[in-house]
Every structure is written in structure tokens, then in C-alpha cells.
Amino acid sequence: MTVIRQEDLIESVKDALQFISYYHPLDFIEAMHEAWQREQSQAAKDAMTQILVNSRLCATGHRPICQDTGIVTVFLRVGMNVRFADASMSLEDMVNEGVRRAWLLPDNPLRASILADPAGKRSNTKDNTPAVIHCRLVPGDTLDVRIAAKGGGSENKSKLAMLNPSDSIVDWVLNTVPQMGAGWCPPGMLGIGIGGTAEKAALMAKEVLMDPIDIHQLQARGAQNRTEELRLELFDKVNQLGIGAQGLGGLTTVLDVKIMDYPTHAASLPICMIPNCAATRHAHFVLDGSGAAQLTPPPLSAYPQIVWEVGPGARRVNLDTITREQVQSFKPGETLLLSGKLLTGRDAAHKRLVDLLNKGEPLPVDLNGRFIYYVGPVDPVEGEVVGPAGPTTATRMDKFTRQILESTGLLGMIGKSERGPAAIEAIKDHKAVYLMAVGGAAYLVAKAIKQSRVLAFAELGMEAIYEFEVKDMPVTVAVDSLGTSVHNTGPAIWRQKIQENLAHEITV
């Protein structure tokens, strides 16, 4: 009989969540670096450079890799010979107490993103609880814990289908991945669950994302079963789509494809696909009664010694004096360095702004001639102006875009990933612009923010409207004033290049 102290589980959960907030898994660092070395698309390579530099900064500074510190998912395998000493809480309550302590740690507070009453008031729980917990009772005398913090941008791109038994799994994946856009911050991993029932497929897709990246080892030794054959085929064919880092077009869209399957009904073929983003965060530990878990960080020598540098063609932009004529001169794919005063606002703030406009009431901030950054930053610690402050998925603001542009005189927006057709049309009609910052480089982006203050909706916390003073904040022109989107043109160019290279290899 193994006796595990309640406090050891709570502290292990807390420590693991803090650990993964600033340490990427070693296998991820190595896979991203390998992809960076092979990448031929300059835009994609630049994005991966920022992700890798950000990763090292976070490891040394012990600050979050991404401003979206995630929703916690936990898989517990409880040995049947395990009992808990002095337990005054349920197993779920122990886990949630660990989450609470991790999120409220003064040295590295994490962003509280969990909302209760999701179909109603959507009130922030303030401590990121509750976690999503899956528990199995298994033979043995240990408690096996796999824990992850999953960002909303990647979680929102999850796809579930009930295929016919005769349908092609490969075709479904290749048709579905482009529909996911770039809001999941590629390159990352795809977790795929096949079989069982709808909920079993989803559970397997999430659980298999906890496995280490090993596709290159699999390529080297060769597939030994149908699941491994499918992994290799999908890895190659998804990367041949040319979506690339951040959806800008390139050679690497996925670092690995993980698959778990389960027997299913003769009439069914359930499949679920869940992506992990460039802020892949998960840890595995086992408690055996000897005390709290001890996690080993990646050695700093594992991080590539690369430096992100602005190219000579970057254009410096003063946000305090910018004009609509200047905005119209921005070129798709161009790198800009922004300085000056920048507003922030995301889902909740946009909804409030639109509600005020609909009522004919004045807005609390003047958006005329301004740029707005879609961001919900982490709270700062001592010595910081703001915590990690990377962009959020821009498509969530698409439904507000036309009305905001028409009613306020806003010049431009900054976020991550692509814009949808309606938003692009609105941008084109109003001669505005959409700029993209790199998702997964939140701490690096925050280094460009020199001052911060709340202007409106303070009660929304991280979703309030801030005003940032920025200095040389790097962004890419993603949609210009003519409506040209690099998220459309970039992948199309690289998909053609990849197919041409494949055809050349076949003829040779």
C-alpha cells in the first residue's frame, strides 16, 4: 500500500503548472530548431526565430511563454494500492487547489482565463479553476499524472466528425487542416483520436498530445503498424499543404502527428483532431509516496543560440502621427516596427464598444486614427511594465470589424492569424490595415512595451482597454488597405513550390 500525502499532490500540481508556463519540453525545442534550420520561407523562419528566442527568454526569466496560460487538463491514473494520507479534499479538489496556487503565485502570476456560467454571465473565476480532470483507477501502487495547459486559440480549432466507415481519414484531415486557419499558432502538433464514440475520440486526441515528439525517430526506423503508417503519411501530406509557421507559408506546418485509436461500432468511424500550438505545455510525473514531484528543466545548452534581428527593410512607424495615407502605403508581408501609443481590446471590450454604439452612447476611448491590439496581457511582476503580451486570435473580432471601422475612424488592428472574408472586405472598404504579431512569442513582444495604463472597462481585468506605449514592436502587414492577405497568398505560393519540388524529385 502506497500512502501519498495530500499536500504532495497539491504542490506537485502547482510546481508542474509553473514549470510548464516557462519551460518548453525538450523534444519541442529540438523539433522546432530542426524545422527552423530547414525552413526556406523567410517569413516563416522569422516567426520561428521569434518563438525560439522567446522560449529561451522565458526559461531564463521564469515568465510565461504565452500570455494565454491556458485551461488546465489533467489525466490521472490512480493505482488501486494507493491511498491518501490526511486527505480532507476530494481528488479533484486537490488538483484544483494546485491549479489555484500555481495561478496566484506572486513571483510568476499566470493569467486567469476560466469563466464560470459559460452560457450566461461568463464570470472569471479569478484563479483559473476548475481544471478539466480525467481519472482512471488502474492496477499498481503509484499515482501517474499527466498535466497540460492548453491555450484557447488552439483548443478552439478542435474538429470532430462522424465519418462513414468507407471514408478516407487522410482526406478528412487534409480537407480539415486548412479550414482551421492559423489561429492555433503553427507549427505545433496534431492529436488525432480514431474510433470509440464521439467523446472517446475527443478524449484520445487530447491525451495523445501529451506524448513526446518522435516523428523523426519513427521515420528512421519505419512504421510497424497501420497507425504508424498513418502518422507518417499525414505528417508528410499536412506539411505539403504549405501553410507554414503562423500561416505565412512555408515547409513546416506540423512538428508531429500523434494518433490514438480504439475499437468502434461497425457503422461508425468517429475522428477528432486537436492541435497543440507553438506554446506546447505539458508535463508528466509519478508520485510513489516519497514526496512531491521533482521536474528537471531543459538545459540552457539545448536552446539554439540564435538571435532575432530586424532586417534592413523594416519600416519604422510612429503611431502618434500616422495618417491614413501612410497606412495605404503598407505592403503585404512588410515588416513594421511600431512606436508610440497603442490601444488594446479583445472580445469583451469589442462587445461593449459595439453595444454603446448601438445605443448611440459615447465611447470611453477615442479610436479615431488609432491602432488597436488584440491582447489580454499577463499581470506584471516587480520591474515589469506589463507581463507577457502576445496577440490573440484576430478572427474572433471579425464580426465587430466593419461597425468599428465605420463608426470610429480606427486605422488598423493587430492580432495573430488570418482575417475572415467579411473582415478583409471591411478593411478594404475603409482603407484600413491588419497587422500580425507572432503568436507564441509573448514575452519577447512585451519587451517592446514601455508603459501601460488602463483606459476603460477595468473590471474586465485582462480584457480591459489598455493604452500601451511601445518602442519598435515588430509586426507584419497581414492585410493591406487593398484587401490582400498574406495568409492567402503565402500558403498558396509555398504549396506550389513544394509540389514542384516533389515533382522534380520524382523525375530525377
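This is a short tour of a predicted model, with a suggestion at each stop of what to select next.

**Stop 1: the nonpolar core**

Start by selecting Leu9, Leu17, Leu76, Leu143 and Ile147. These residues have the most contacts inside the largest nonpolar core, which holds 43 residues. Now colour the elements that supply two or more residues to this core: the helices α1 (6-22), α3 (42-61) and α4 (91-103), together with the strands β2 (71-79), β3 (82-85), β7 (143-150) and β12 (282-287). Which element should you highlight for the largest share of this core? Helix α1 is the one, with eight residues. As background, nonpolar side chains in soluble globular proteins tend to be buried together.

Stay here and centre the view on Leu76. Show whatever it touches, setting aside neighbours within four places in sequence: you should find Leu91 and Val95, then the run Ile133, His134, Cys135 and Arg136, and finally Leu143, Asp144 and Val145. Leu143 deserves a second look, since Leu143 is also among the core residues with the most contacts.

**Stop 2: from α1 across to α4**

Next, select Glu7 and Arg101 and show their side chains. They meet in a salt bridge, with an N to O distance of 2.6 Å. This pair ties together distant parts of the chain: Glu7 sits in helix α1 and Arg101 in helix α4, 94 residues apart. Are these two residues buried or partly exposed? Glu7 has a relative accessibility of 31%, so it counts as partly exposed. Arg101, at 25%, is partly exposed as well.

Now widen the selection to add Glu11, Lys14, Asp15, Glu97, Arg100 and Asp127. With Glu7 and Arg101, these residues are linked in a network of salt bridges. Across the model, the count of salt bridges comes to 36.

**Stop 3: two more pairs**

Move to helix α9 (residues 226-239) and select Glu233 and Lys237. They lie four residues apart in this helix, about one turn. An α-helix has 3.6 residues a turn, so residues three or four places apart point the same way. The two side chains form a salt bridge, their closest N and O atoms being 2.8 Å apart. Glu233 is partly exposed at 25% relative accessibility, and Lys237 is partly exposed at 32%.

Then select Arg346 and Asp347. Here the closest N and O atoms of the salt bridge are 3.9 Å apart. Arg346 is buried, with a relative accessible area of 8%, whereas Asp347 is partly exposed at 23%.

**Stop 4: helix α7 and what surrounds it**

Select helix α7, residues 198-208. Its buried residues are Ala201, Met204, Ala205, Lys206, Glu207 and Val208. Show the elements they pack against: the strands β2, β7, β9 (188-195), β10 (254-262) and β11 (269-276), and α5 (152-155).

Keep Lys206 selected, because it leads to the next stop: Lys206 helps to line the largest cavity.

**Stop 5: the largest cavity**

A search of the whole structure turns up two cavities of 30 Å³ or more. The largest has a volume of about 80 Å³. To see its walls, select Thr73, Ala148, Ala149, Lys150, Lys206, Leu209, Met210, Asn276, Arg281 and His282. Strand β7 makes the largest contribution to this lining, with three residues. By type, the lining divides into four nonpolar, three polar and three charged residues.

**Stop 6: the second largest pocket**

For the last stop, select Gln42, Ala43, Gly333, Thr335 and Thr476. Of the 26 residues lining the second largest pocket, these lie nearest its centre. The pocket has a volume of about 470 Å³. Which elements give two or more residues to its lining? They are α3, β19 (465-479) and α15 (486-507). Helix α3 gives the most, with six residues. The lining comprises 14 nonpolar, 10 polar and two charged residues.

Finish by zooming in on Gln42, which belongs to helix α3. Gln42 has a relative accessibility of 59% and so counts as exposed. Add Gly250 to the selection and draw a C-alpha to C-alpha line between the two: they are 8.4 Å apart in space, although 208 residues separate them in sequence.

Technical notes
Residues numbered from 1 in each chain as written. Predicted model: local features only at pLDDT ≥ 70, side-chain atom pairs only at ≥ 80, totals over all residues. Heavy atoms only, no water. Core = buried A, V, L, I, M, F, W, Y, C linked by side-chain atoms within 4.5 Å. Buried < 20%, exposed > 50% of the residue type's maximum accessible area, 1.4 Å probe, protein only. Contact = heavy atoms within 4.5 Å. 1 Å grid on protein atoms, 1.4 Å probe; cavity = no way out; pocket = protein on both sides within 12 Å on 5 of 7 lines; lining within 4 Å. Points joined across faces, edges and corners; volume = space filled by probe spheres on them. Nonpolar A, V, L, I, M, F, W, Y, C, P; charged D, E, K, R; others polar. Salt bridge = Lys/Arg side-chain N within 4 Å of Asp/Glu carboxyl O.
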